[in-house]
Amino acid sequence: MSYSMAYDVIIIGGGQAGLALEFSLKQKNIPFVILDENEQTGMSWRKRYDSLRLFTPRSYSQLHGFYLKGDPKGFPDNNEIADYLAAFKIQNELPVHREKVIKLTQNERKQFLVTTPNKMYTAKQVVIATGAFHNPFVPNVQEGTAGFEIHASKYQNPSQIPNGNVLIVGAGNTGVQIAAELSKTHQVTLSQSNPMKHVPQNIAGRSLFWLLETFLIGRAKADSFIGKMLREREPLIGNDYKTVQNNVEIGDRLKEIKDDNAYFNNGISKQVQNVIWTTGYRNDYSWIQIDGILNGHGELLHHFGVTNVAGLYFIGLSWQSRRSSALIYGVSDDANYIAKKIQ
Ligand SMILES: Cc1cc2nc3c(=O)[nH]c(=O)nc-3n(C[C@H](O)[C@H](O)[C@H](O)COP(=O)(O)OP(=O)(O)OC[C@H]3O[C@@H](n4cnc5c(N)ncnc54)[C@H](O)[C@@H]3O)c2cc1C
């Protein structure tokens, strides 16, 4: 292993959160380096399914106010955002080293040691920007699999799914979008745990996000009364169960899959050939070998991204400081906050 030079600040992850922070640090003349395992900027967006349309309009899909071309009220697709992030990086001259971090530890002098397959970096401060939607989660409810199964993070388009019926497990925003698309080519059952409240993308000609910001709901802090209430009631934005219910069978919560049959909580069972898990993501912090960052339930201990370990921060977490923290338009505020803490 070759040792590299010491840095003041290392950011791990160069998606929108890492880039937003780079921008904030650069404005404060704080030296840093950013490490990202992807071969290109914007890859997390580019790898998502082909028909993905953002639920945030273009005017609410921008970093640090950097202009995203196109109708501001229109909804961009994933490649547009990937191109936008690549342009943001170039225009603001934000360097990214293409390396995967495999371990983060501290030495006896409390310096951070950042290990990649070929190098070890040292840093006084580290920010983790590896994404809230990085590690696909599949519930442990299977004994014997259906013919074909895939997590939504690997789903691209209907041509990938073999003939036969499809069970989509999880009726959140992604589940409903994929169900709408697949219902044109396959017989689809959408398994739903708790129906989510639907919110349209535009209300009385105004963007939902404009209304949320104007009425300060979008600004509600994660630890405020409104923030806690909103957290428990994440809505379906845009696509509604009604958009799919004519072509898609809405099933109850999935209990188990056994011998090619899906069993639902309401006692109904159904033979299934294909399964798509739209069951979300979980964080994996096993590569961070530093005491005191997690509680007894494996949850991150932090306040607005500042951890209990001096010099260690996160950015891009779901509800890091408010609802918009893990969204493109919200991460810049958090980046400015973390940059100030680093300074
Ligand atoms: C299906 C879907 C739809 C969404 N729609 C919207 C929307 O409409 N509007 C909106 O604002 N937001 C949306 N989001 C949420 C959010 O904007 C995206 O998830 C966004 O990609 C988060 O950016 P990020 O930088 O935090 O994480 P990511 O984009 O995941 O970037 C993290 C980066 O860290 C790198 N990395 C991870 N681990 C390591 C490691 N160990 N070493 C080095 N590098 C590493 C990865 O290569 C990646 O480049 C959506 C998310 C999903 C999943």
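Start by selecting Val248: leaving out residues up to four places away in sequence, this valine touches Ala179, Ser183, Val188 and Leu190. Keep in mind as you click around that this is a predicted model.

**Stop 1: around Val248**

Colour the strands, and you will find Val248 in strand β15, which covers residues 248–251. Is Val248 buried or exposed? With a relative accessible area of 3%, Val248 is buried, because buried means under 20%. Now add Val188 to your selection and show the C-alpha atoms. Those of Val248 and Val188 are separated by 5.2 Å, although the two residues are 60 places apart along the chain.

**Stop 2: a tilted pair of tyrosines**

Next, look for aromatic rings; the structure holds eight aromatic pairs. Select Tyr49 and Tyr155, which make a tilted pair, with 6.0 Å from centre to centre and 55° between the planes. Trace the chain from each ring: Tyr49 sits in the loop between α2 (43–46) and α3 (78–91), while Tyr155 sits in the loop between β8 (148–151) and β9 (166–169). The pair links distant parts of the chain, 106 residues apart. Both Tyr49 and Tyr155 are buried.

**Stop 3: an edge-to-face pair**

Now select Tyr60 and Tyr329. Why does this pair count as edge-to-face? The ring centres of Tyr60 and Tyr329 are 5.1 Å apart and their planes stand at 85°, so the pair is edge-to-face; planes over 60 degrees apart get that label. Tyr60 is in the loop between α2 and α3, and Tyr329 is in helix α8 (residues 328–342), so this pair ties together parts that are 269 residues apart in sequence. Tyr60 and Tyr329 are both buried.

**Stop 4: a ring cluster and its neighbour**

Select Phe23, Phe66, Tyr84 and Phe88 together: ring pairs link these four residues into a cluster. Then add Asn92, located in the loop between α3 and β3 (97–98). Which residues does Asn92 contact, leaving aside neighbours within four places in sequence? They are Phe23, Lys26 and Phe66. Two of those names, Phe23 and Phe66, also belong to the ring cluster you have just selected. Asn92 counts as buried, because its relative accessibility is 16%.

**Stop 5: arginines over rings**

Finish with two arginines. Select Arg48 and Trp45: Arg48 lies over the face of Trp45, at 4.5 Å from the ring centre. Then move to Arg282, which lies over the face of Phe137, at 3.8 Å from the ring centre.

Note on methods. Residues are numbered from 1 along each chain as its sequence is written. This is a predicted model: local features need pLDDT of at least 70, side-chain atom pairs count only at pLDDT 80 or more; totals for chains, interfaces and linings use all residues. Side-chain values use heavy atoms; hydrogens and water are left out. Rings of Phe, Tyr and Trp (its six-membered ring) pair if their centres lie within 6.5 Å; planes under 30 degrees apart count as stacked, over 60 as edge-to-face and the rest as tilted. Helices (H or I, at least four residues) and strands (E, at least two) are DSSP runs, numbered from the N terminus. Buried means under 20% relative accessible area, exposed over 50%, partly exposed in between (1.4 Å probe, protein chains only). A charge sits over a ring if NZ of Lys or CZ of Arg is within 6 Å of the ring centre and within 35 degrees of the ring normal. Contact means heavy atoms within 4.5 Å.
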